[in-house]
Amino acid sequence: MSERMVPIAGEQKKRVCYFFDSDIGGFHYGPGHPMKPTRIRMCHSLVMNYGLYEKMEIFRAKPATKREMTQFHSDDYVEFLSKITPSNMNSYVKEQHKYNVGDDCPVFDGLFDYCSISAGGSMEGAARLSRDKCDIAINWAGGLHHAKKSEASGFCYVNDIVLGILELLRYHSRVLYIDIDVHHGDGVEEAFYTTDRVMTVSFHKYGEYFPGTGELRDVGVMKGKYYALNFPLRDGISDENYKSVFEPVIRQVMESYDPSAIVLQCGTDSLSGDKLGCLNLSMRGHANCVRFVKSFNKPLLLLGGGGYTMRNVSRAWAYETGLAAGFELAPDIPVNEYYEYFGPDHKLDVKSSNVDDMNSQPYLDRVKRIVMENLRHIGGPPSVQMQDRPHLPIDELMDDLNQDEDEDDPNDRRPQRLLDSRRQPAGELSDSEDEGDGRRDHTSHRGRGHSSDSDNKHKFGMGVGILASSSASHGAGPSGHTTVVRMLSSNVADEEASTEALEGDMDLDMDDTPPAVHENGLRSHALNGRSGTPSSSPKEEKEGERGEDDMALDDTLATGTTSISSTPPPLPDAASTSI
Ligand SMILES: [Zn+2]
């Protein structure tokens with residue numbers, strides 16, 4: 001067998017924590033919908049079959065609870081997400097409209113569990129980084145950057161990124177957020193628009209494109225002025241041109257802002273050939289952003305995001321997982337359960353195409369010059385009054401929350417039916433859905449930016465900037481930004497996480513679906529979320545997920561009680577795959 005990966009020369013060894021929950025592949029947005037959570041599972045299959053499990057620690061995060069989500073989202077919105085199902089949705093027509101759920105962001109089976117898994121991975125990744133348990137944390141199920149405080153948007157319901165950054169802010173004075181998705185990172189920018197504790201930097205297609213925000217002149221307001229940076233791009237940007245703006249801008253941001261932690265949203269809809277994207281990055285051009293950001297040697301949270309041509313999404317994120325761990329993956333895709341999907345060449349690379357790059361040199365130079373000028377206003381890292389450990393309003397809440405999480409019965413929230421739904425419906429992986437027939441249906445997804453802009457559904461007035469005083473937030477730019485990170489008040493902490501997450505109709509009697517290839521290997525290697533208890537089977541893991549010995553997050557991660565198996569699972573061989 002040829003080498004599946006080789007160490008990258010001169011790389012500093014990094015401790016990598018990788019979060020994956022196999023349930024993620026079982027969620028379906030619905031027929032014809034371009035967002036396919038299966039892509040995360042495909043990526044994981046590559047990661048495992050390349051042998052990357054030997055180079056990093058693999059975790060299944062504890063799913064985020066409703067109360068954790070309300071650190072950013074409104075209580076009523078989270079409550080709605082936890083209640084709504086395909087069978088009861090007709091009783092919530094008004095709410096669906098209010099929360100923008102139903103079209104691009106459909107109601108589907110297990111919606112809340114999907115959100116919990118996505119957010120849990122990002123929060124736990126952030127928690128492990130903050131507590132110096134790893135140097136790089138990866139959650140490809142996260143990166144859902146469009147979700148707003150009280151509104152779903154662009155296939156995103158819960159903003160795992162904002163929740164992860166809030167976790168990082170408990171220990172870090174300044175957090176840098178970088179977004180290389182083809183779409184503007186609007187939800188994250190909006191959340192931190194009035195603060196200098198988080199700097200948001202987004203490179204994205206701008207102009208007649210979802211979500212319609214992210215203008216060059218949108219730079220933040222009040223204390224946050226010049227701590228939001230937008231680099232609008234035109235169609236078809238090449239690797240070379242992307243690099244020519246990404247590297248100098250990020251280098252200058254690092255110098256001016258000097259963050260102590262970085263979150264990189266690695267949306268792969270910026271790749272060439274993406275079903276919804278319009279840029280022309282190769283896998284290597286995209287991954288160069290990861291390599292470059294990693295080179296600053298700061299605690300780094302790598303998140304997923306968009307990406308709608310599944311075989312390319314999984315290629316890029318697997319390759320970037322390798323880079324994080326300091327390994328270059330071999331060019332031939334190893335045999336894995338999705339092997340035929342990578343045909344006919346079965347190569348890892350995603351190549352650029354020959355489309356024209358509409359980003360002329362004068363255009364890029366002009367934008368870069370203005371961005372650099374804005375960065376000069378920063379003048380140096382803002383001083384943040386920090387104690388040894390910053391005390392935020394969320395601290396008490398977090399500590400409280402972690403104690404009462406046990407109240408929820410995990411089985412209520414992880415219905416067995418979802419296990420069964422891992423079986424892919426016919427056509428789920430077919431090229432035709434990826435490239436052809438369904439395309440017409442996707443025009444609404446492509447074109448949503450226009451209608452969204454005119455809908456004016458955004459709500460104003462109530463949000464206050466995180467860590468800002470009680471000043472009202474300001475609108476700015478065409479989107480009317482609203483900073484919506486809530487100042488957590490004691491009445492939030494007092495609220496009960498009372499409603500049952502899912503009704504009895506989820507209580508189905510499906511027998512266990514056979515675990516996917518390598519799943520046992522993974523699970524025996526994984527932790528029970530934050531409880532720190534190694535598990536040996538999926539069943540045990542589910543039951544033990546919130547056992548009585550579950551400890552507060554701080555205790556678990558700060559006192560060294562977490563025991564992580566360093567024994568890799570047995571090397572899978574080709575015969576064990578389903579091909
Ligand atoms: Zn996107």
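In this predicted model, helix 8 (residues 239-257) packs against helix 9 (residues 283-294) at an angle of about 15 degrees, and their axes lie 10 Å apart. Because angles under 35 degrees count as roughly parallel, helix 8 and helix 9 are roughly parallel to each other. The crossing of helix 8 and helix 9 is right-handed. On the side of helix 8, the contact is made by Asp239, Tyr242, Lys243, Phe246, Glu247 and Ile250, which meet Arg284, Gly285, Asn288, Cys289, Phe292 and Val293 in helix 9. Sorted by class, the residues in this contact of helix 8 with helix 9 comprise six nonpolar, two polar and four charged ones.

**The sheet**

The protein chain as a whole contains 20 helices and 10 strands. Eight strands are assembled into an open sheet with parallel pairing, and their order across the sheet is 3-2-4-9-8-5-6-7. Strand 3 (57-59) and strand 7 (228-233) stand at the edges, where each has a single partner strand, so that one side of each is left without a neighbour in the sheet. From one strand to the next, the twist averages 15 degrees. Helix 5 (residues 111-130) packs on this sheet and touches strand 2 (16-19), strand 3, strand 4, strand 8 and strand 9, while the direction of helix 5 makes about 175 degrees with that of strand 4.

Three of the pairings within the sheet can be set out together, each with one pair of bridge partners.

| Strand pair | Sense and bridges | A pair of partners |
|---|---|---|
| Strand 5 and strand 8 | parallel, five bridges | tyrosine 177 and valine 263 |
| Strand 8 and strand 9 | parallel, four bridges | isoleucine 262 and leucine 300 |
| Strand 4 and strand 9 | parallel, four bridges | isoleucine 136 and leucine 300 |

Leucine 300 in strand 9 thus appears in two of these rows, as the bridge partner of isoleucine 262 and as the residue opposite isoleucine 136.

**Strand 8**

Strand 8 (residues 261-265), which pairs with strand 5 (residues 175-179) and with strand 9 (residues 300-303), is mostly covered, since five of its five residues are buried. In a regular strand the side chains alternate between the two faces of the sheet. In strand 8, Ala261, Val263 and Gln265 point one way, whereas Ile262 and Leu264 point the other way, and all of them are buried.

**Glycine 154**

Glycine 154 is placed in the loop that runs between strand 4 (136-139) and helix 6 (160-169). Is this loop residue, glycine 154, buried or exposed? With 20 or more other C-beta atoms within 10 Å as the criterion for burial, glycine 154 is buried because 26 such atoms lie within that distance. Leaving aside residues up to four places away in sequence, glycine 154 touches Asp104, His146, His183, Phe210 and Pro211. Glycine 154 and methionine 35, which are separated by 119 residues in sequence, are 9.7 Å apart in space from C-alpha to C-alpha.

**The chain as a whole**

Two totals describe the whole protein chain. Of its 579 residues, 54% are buried. Among contacts in the protein chain with a separation of 6 or more, 79% are accounted for by residues 24 or more positions apart.

Note on methods
Residues numbered from 1 in each chain as written. Predicted model: local features only at pLDDT ≥ 70, side-chain atom pairs only at ≥ 80, totals over all residues. Axes fitted to C-alpha atoms, helices over the stretch in contact; angles between N-to-C directions. Helix = DSSP H or I, 4+ residues; strand = E, 2+ residues; numbered from the N terminus. Parallel < 35°, antiparallel > 145°, perpendicular 65-115°, else oblique. Left-handed = near helix turned anticlockwise from the far one by under 90°. Contact = placed C-beta atoms within 7 Å. Nonpolar A, V, L, I, M, F, W, Y, C, P; charged D, E, K, R; others polar. Buried ≥ 20, exposed ≤ 12 C-beta atoms within 10 Å, placed from the backbone. Pairing = 2+ DSSP bridges.
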